[in-house]
Amino acid sequence: MALLAQFIDLILHLDTHLNTIIAAYGILTYALLFLIIFLETGLVVTPFLPGDSLIFAVGAISAQGSLNVFVLFALLSLAAIIGNTVNYQIGAMVGPKIFKKDRWFLKREYLQKTEHYFE
């Protein structure tokens with residue numbers, strides 16, 4: 001149980017643990033950052049990940065020379081774009097199925113109003 005608590009603390013406070021992660025994992029840090037940004041933007045169930053605060057922390061740390069800011073910019077931009085595209089595709093596939101039957105918080109009427117607003 002303590003291992004799970006440590007993992008949750010690491011994920012939720014990744015920005016404070018970032019220097020330790022860079023020292024321990026080196027270049028794999030880029031992959032970890034990519035994964036976190038991708039998951040935060042790409043999966044509906046992972047909005048709790050520290051994407052925005054992580055980007056600010058990574059920017060500050062890269063200013064110290066620990067990480068390459070140009071690589072980070074390209075990599076994290078790509079992660080966000082791919083994640084957004086995946087999230088859109090999930091919504092396009094699952095969304096119509098969800099609205100086949102009205103639920104107390106998801107009603108076809110709400111969807112139609114939203115679609116009409118964005119036309």
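Accessible areas come from the Shrake-Rupley method with a 1.4 Å probe, and for residues only the protein chains shown count as cover. The model is predicted: local features need pLDDT of at least 70, side-chain atom pairs count only at pLDDT 80 or more, and totals for chains, interfaces and linings use all residues. Residues are numbered from 1 along each chain as its sequence is written, and side-chain values use heavy atoms, with hydrogens and water left out.

**Exercise 1.** State what area the chain exposes and what share carbon and sulfur atoms supply.

*Solution.* The exposed area of the chain is about 8600 Å². Of this area, 69% is supplied by carbon and sulfur atoms. As for burial (under 20% relative accessible area, 1.4 Å probe, protein chains only), 24% of the 119 residues count as buried.

**Exercise 2.** Set the radius of gyration of the chain against that of a compact globule.

*Solution.* The radius is taken over C-alpha atoms, and the globule rule is 2.2 Å times the number of residues to the power 0.38. For 119 residues, a compact globule would have a radius near 14 Å. The chain has 18 Å. Its C-alpha trace spans about 50 × 40 × 20 Å along the principal axes.

**Exercise 3.** Describe the helices of the chain, and helix 3 in particular.

*Solution.* Helices are DSSP runs (H or I, at least four residues), numbered from the N terminus. The chain has 6 helices and 0 strands. Helix 3 covers residues 28–42. From first to last C-alpha, helix 3 reaches 21 Å, close to the expected 21 Å, where the expected span is 1.5 Å times one less than the number of residues. Buried residues in helix 3 include Leu 33, Ile 36 and Ile 37.

Technical notes
Helix = DSSP H or I, 4+ residues; strand = E, 2+ residues; numbered from the N terminus. Buried < 20%, exposed > 50% of the residue type's maximum accessible area, 1.4 Å probe, protein only.
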